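Hello,

As promised, here is the structure we talked about handing over. Have a look at it first, and then read on for my notes.

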Amino acid sequence: MIVESYEDVIVLSGALRSNFWETIHTAISLTLKRHPTGVIIDCSGITECTPEGAATFVDAMEFIERHDARIIVAAVPPQVVDVLKSVPGVRSQLPIAASVE
């Protein structure tokens with residue numbers, strides 16, 4: 001998994017086979033300091049996602065709720081959405097936009 005940050009967008013790419021929350025959390029925290037109005041997590045580059053990797057989004061949702069953070073997940077590939085739907089606690093709770101725009 002590769003995590004990159006550009007302005008208010010965090011770009012994820014590669015295979016999400018384990019929980020990468022700690023890495024993504026660091027990127028989110030730094031980005032929110034520079035852009036307190038909100039952060040977009042661009043998932044268009046995720047090539048594979050396992051249920052273990054989907055746990056990343058469970059932790060992200062908990063962070064969003066605890067901190068009332070303005071974070072939205074965008075451009076999630078259909079195969080990743082299928083995995084996310086199979087994980088309890090993620091199915092209908094994750095704020096997902098069709099595109100980064």
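Ala75 is buried, with a relative accessible area of 18%; that counts as buried because the cut-off is under 20% relative accessible area. Please keep in mind that this is a predicted model. Ala75 sits in the loop between strand 4 and helix 3, and its phi is positive, about 55°, although it is not a glycine. Among the contacts of Cys43, leaving aside neighbours within four places in sequence, you will also find Ala75.

Asp68 makes a nice companion case. Asp68 also has a positive phi without being a glycine, here about 50°, and its place is in the loop between helix 2 and strand 4. Is Asp68 buried or exposed? Asp68 is exposed, with a relative accessible area of 68%; the label applies because exposed means over 50%.

Now to the sheet. Five strands form an open sheet in the order 1-2-3-4-5, and the pairing is mixed. At the edges are strand 1 (2-6) and strand 5, each of which pairs on one side only.

Here is how the neighbours go together, pair by pair:

- Strand 1 and strand 2 run antiparallel and are joined over five bridges; Ser5 has Ile10 in strand 2 as its bridge partner.
- Strand 2 and strand 3 are parallel, with seven bridges; Ala15 stands opposite Glu48 in strand 3. Between these two strands the chain crosses through helix 1, and this β-α-β crossover is right-handed.
- Strand 3 (residues 39-49) and strand 4 (residues 71-74) are parallel over four bridges. Val39 has Ile71 in strand 4 as its bridge partner, while Ile41 stands opposite Val73 in strand 4. Strand 3, helix 2 (residues 51-67) and strand 4 make up a β-α-β unit that is right-handed.
- Strand 4 and strand 5 (residues 96-97) are parallel as well, over two bridges. Val73 stands opposite Ile96 in strand 5.

If you follow Val73 on your screen, you can step across part of the sheet: Ile41 is opposite Val73, and Val73 is in turn opposite Ile96 in strand 5.

As for the packing on the sheet, helix 1 lies across strand 1, strand 2, strand 3 and strand 4, and runs at about 0° to strand 1.

Next, the core. Which residues touch the most other members of the largest nonpolar core? Of its 29 residues, these are Ile28, Cys43, Phe57, Ile71 and Leu84. Two or more residues each come from strand 2 (9-16), helix 1 (21-34), strand 3, helix 2, strand 4 and helix 3 (78-85). Helix 2 gives the most to this core, with six residues.

Cys43 is a good place to zoom in. Once its neighbours within four places in sequence are set aside, Cys43 is in contact with Leu12, Phe57, Val73, Ala74, Ala75, Val76 and Pro77. Two of these names have come up already in other roles: Phe57 is one of the residues that touch the most other core members, and Val73 is the residue opposite Ile41.

You may also like the aromatic side of things. How many aromatic pairs are there? The count comes to one aromatic pair. Trp21 and Phe63 form this pair, 5.6 Å centre to centre with 55° between the planes, and the geometry is tilted. The label is tilted because planes under 30 degrees apart count as stacked and those over 60 as edge-to-face. The pair links distant parts of the chain, with Trp21 in helix 1 and Phe63 in helix 2, 42 residues apart. Both Trp21 and Phe63 are buried.

Last, a loop residue. His35 is found in the loop between helix 1 and strand 3. Setting aside neighbours within four places in sequence, His35 is in contact with Glu7 and Asp8. His35 and Val9 are 26 residues apart in sequence and 9.6 Å apart in space, C-alpha to C-alpha.

That is what I have for now. Enjoy looking around in the model!

Best wishes

Conventions
Residues are numbered from 1 along each chain as its sequence is written. This is a predicted model: local features need pLDDT of at least 70, side-chain atom pairs count only at pLDDT 80 or more; totals for chains, interfaces and linings use all residues. Side-chain values use heavy atoms; hydrogens and water are left out. Two strands pair if DSSP finds at least two bridges between them. A crossover is right-handed if, with the strands pointing away from the viewer, the path from the first strand over the helix to the second runs clockwise. A nonpolar core is a set of buried Ala, Val, Leu, Ile, Met, Phe, Trp, Tyr and Cys residues joined through side-chain atoms within 4.5 Å. Buried means under 20% relative accessible area, exposed over 50%, partly exposed in between (1.4 Å probe, protein chains only). Contact means heavy atoms within 4.5 Å. Axes are lines fitted to C-alpha atoms, for helices over the stretch in contact, and angles run from 0 to 180 degrees between N-to-C directions. Rings of Phe, Tyr and Trp (its six-membered ring) pair if their centres lie within 6.5 Å; planes under 30 degrees apart count as stacked, over 60 as edge-to-face and the rest as tilted.
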